[in-house]
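Dear colleague,

Here is the structure I said I would pass on. My notes on what turned up in it follow below.

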Amino acid sequence: MSANVRYLHNAARPARRPPPVDPGHVVAGLEGQRLNALLDAIYEGPATRPAWDEALRQLQQRLDASHVALIVRRPADEQFGTMAHVGAEDAVAMESYTKHLFAIDPFVDLQEGEVVTPEELIGEAWLDSAIYRDYLKPLDVRHLLGADLRTADGIECQLRATRPHGAEPFGESERSLLRFLLPHLKRSIRQQVQLDALESERQLFASTVNRLSLGVIRLAASGSILDMNDEARRILAERDGIALGLGGGLSTDSTQEKRELQRLIDNALARSTKPSPGLAEAMPITRPSGRARLGVLVKPLPPGPWPDSGRRPAAVLYLRDPEASVPQASQELARRLLGLTRVETRLAMFLTDGHSLDETADLMNIRRNTARTHLRSIFSKTGVTRQTMLVRLMLKSVFTLA
C-alpha cells in the first residue's frame with residue numbers, strides 16, 4: 001500500500017434503516033435528537049481516534065450506505081491524501097484507486113456545496129468508465145453520492161457515500177441531509193487543519209527540547225503528573241537520585257531533597273493561580289552513583305482565560321542531566337557548520353560537556369600533545385582564542401537544536 005496514503009477504516013455495513021428525514025423540517029423529537037448527535041460527532045471529528053470515525057459511522061447509518069468516505073488533500077497535492085472510511089474494504093481495489101485510479105476519476109472537482117451522482121455528471125457512460133469497472137464494481141458499488149468542499153487555505157475535501165448493486169438509488173432526502181451537513185463539516189475540517197498545525201509545532205518543539213537533553217514534566221493543579229518527554233523518562237528510569245514513586249509522584253533518594261523538591265512544587269502550584277505567577281525556583285538532585293548532580297527547575301504556569309478543566313498544566317518541572325551525551329546527528333551538524341574534522345568535533349564536544357583538555361585526551365585515547373594540536377586547529381578554524389570562548393560558541397550554535 002502506498003506510503004503516501006493513510007486509511008482510517010472501520011467496521012462493516014450496519015443494518016438497514018429508513019431513509020433520513022429532511023433536516024430542514026426536523027426541529028424536535030427523535031429525529032432531532034439523532035441529527036444533533038450527528039452534528040456533535042462532526043464537530044468532535046478532529047479529536048476522535050480514528051479521526052471522523054463516529055461522524056462517518058452515524059452518517060453511514062442515516063444514509064443507509066454501504067460505504068462513507070472523507071478524502072482530504074492538501075493544496076497542490078498531487079498525491080491521494082488521507083481517507084477516513086467506514087464500510088467493507090477490498091484492499092486490492094483500494095490500493096489500485098489510491099495509487100493511480102484517483103488521478104483519472106471524473107467524479108472530482110465538483111461545485112462546492114453541490115450534492116450529485118456520477119450519472120448526473122456524465123450520464124450512463126459512467127458505468128463504462130475504468131473507475132466503475134476496475135474499482136467500484138469489485139467493491140459491489142453501484143450508486144454513488146458525493147460532494148466537495150474547499151477551505152479558505154486550499155484544503156480539498158471529498159465526501160462520498162455508496163450503495164451496492166440491487167439497492168435503491170440515493171434520493172432527495174439523502175441529498176437534503178448532505179446539503180445541510182456540508183457547512184458544519186467544513187467548519188470542523190478547518191478545526192482539523194488548525195489542530196494539525198498545532199500538533200506539528202508541538203512535535204517540532206518537543207523534538208528540539210529532547211535534543212537539548214532537557215527533561216520536561218508537566219504537572220496538574222493537584223500535583224499529579226500529566227505527561228513528560230522522552231528525556232525525562234530516561235532520567236527517571238535510571239532511578240539515580242530521582243524516580244517515580246509508588247503513587248506516581250516524584251521521589252528522591254535523599255529525604256531532605258525530597259522535602260525541598262515538594263516545597264518547590266507546592267510553591268509553583270500555589271502561584272499558578274495568580275495572573276503573574278513569578279519566577280522559577282531550582283535545586284540540585286544528588287545521584288548515589290557519584291555522577292554529577294541533576295539540575296531541577298520548577299516553574300508555575302499562569303492560568304488561561306477559560307475555565308480550568310483539571311487537565312490544564314499548572315506547573316512545569318525541568319530536569320537537566322549534565323552528563324547526557326550529545327546525539328551523533330548533532331556532532332555531524334557541528335562538524336559541517338564549524339568546518340572541523342570528525343576528530344576535532346569530538347574533542348570540541350567533550351570540552352563543551354565540561355571535560356578538561358587532559359580528560360578529553362584520555363577519553364579519546366590520544367596523546368595530550370595531539371589534543372593540544374587539534375585544539376589549536378579548532379581555534380584557527382572557528383576564530384576563537386580561548387577554550388571558554390569555544391565552549392560558548394558551541395553552546396550557542398544552531399546545531400544544538402537539531
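I start with one residue pair in a sheet: Ile285 has Leu294 in strand S11 as its bridge partner. Please keep in mind throughout that this is a predicted model.

That pair belongs to the contact between S10 and S11, residues 294-300, which run antiparallel and are joined by 5 bridges. Ala282 stands opposite Leu297 of S11. On its other side, S11 is joined to S12 by 6 bridges, again with the two strands running antiparallel. Here Val298 has Leu317 in S12 as its bridge partner.

The whole sheet is open and has 5 strands in the order S7-S6-S12-S11-S10, with antiparallel pairing. Its edges are S7 (225-228) and S10 (281-285), each of which pairs on one side only. On average, and ignoring direction, neighbouring strands in this sheet are turned by 20° against each other.

Two helices pack on this sheet. Helix H7, residues 230-238, touches S6 (214-219), S7, S11 and S12 (315-320). The direction of H7 makes about 95° with that of S6. Helix H8, residues 255-271, touches S6, S10, S11 and S12. The direction of H8 makes about 160° with that of S10.

The two faces of S11 are worth a look on the display. Leu294, Val296, Val298 and Pro300 make up the covered face, while Gly295, Leu297 and Lys299 make up the uncovered one. In a regular strand, side chains alternate between the two faces of the sheet. Of the residues already mentioned, Leu294, the partner of Ile285, is on the covered face, and Leu297, opposite Ala282, is on the uncovered face.

At the other edge, S6 and S7 pair in the antiparallel sense over 3 bridges. Arg218 stands opposite Asp227 in S7. The hairpin of S6 and S7 has 5 residues between the strands, and Gly223 in this hairpin takes a positive phi near 95°.

Next, the helix pairs towards the end of the chain. Two packed helices are described by the angle between their axes and the distance between the axes.

H10 (residues 342-352) and H11 (residues 357-364) have axes that come within 9 Å and cross at roughly 130°. H10 and H11 are therefore oblique to each other, as this angle lies outside the range of 65 to 115 degrees and is not over 145. The crossing is right-handed. H10 contributes Val343, Arg346, Leu347, Phe350 and Leu351 to the contact, and H11 contributes Leu357, Thr360, Leu363 and Met364. By class, the contact of H10 with H11 has 7 nonpolar residues, 1 polar and 1 charged.

H12 (residues 368-382) and H13 (residues 387-395) pack with their axes 11 Å apart, at an angle of about 60°. H12 and H13 are therefore oblique to each other as well. Their crossing is left-handed. In this contact Leu375, Ile378, Phe379 and Thr382 of H12 meet Gln387, Leu390 and Leu393 of H13. By class, there are 5 nonpolar and 2 polar residues in the contact of H12 with H13, and no charged ones.

Two single residues elsewhere also went into my notes.

Arg142 is found in the loop between H5 (130-136) and S4 (143-150). Leaving aside neighbours within four places in sequence, Arg142 is in contact with Glu119, Glu124, Leu127, Tyr132, Arg163, Pro164 and His165. One of these, Leu127, is 15 residues from Arg142 along the chain, and the C-alpha atoms of the two are separated by 8.7 Å.

His184 has its place in helix H6, residues 172-211. Is His184 buried or exposed? His184 is buried: its relative accessible area is 18%, and the cut-off for buried is under 20%. Not counting residues up to four places away in sequence, His184 touches Leu39, Ile42 and Tyr43.

Last, the overall counts. The protein has 13 helices and 12 strands. Of its 402 residues, 43% are buried. Among contacts with a separation of 6 or more, 60% are between residues 24 or more positions apart.

Regards

Conventions: Residues numbered from 1 in each chain as written. Predicted model: local features only at pLDDT ≥ 70, side-chain atom pairs only at ≥ 80, totals over all residues. Heavy atoms only, no water. Pairing = 2+ DSSP bridges. Helix = DSSP H or I, 4+ residues; strand = E, 2+ residues; numbered from the N terminus. Axes fitted to C-alpha atoms, helices over the stretch in contact; angles between N-to-C directions. Contact = heavy atoms within 4.5 Å. Parallel < 35°, antiparallel > 145°, perpendicular 65-115°, else oblique. Left-handed = near helix turned anticlockwise from the far one by under 90°. Nonpolar A, V, L, I, M, F, W, Y, C, P; charged D, E, K, R; others polar. Buried < 20%, exposed > 50% of the residue type's maximum accessible area, 1.4 Å probe, protein only.
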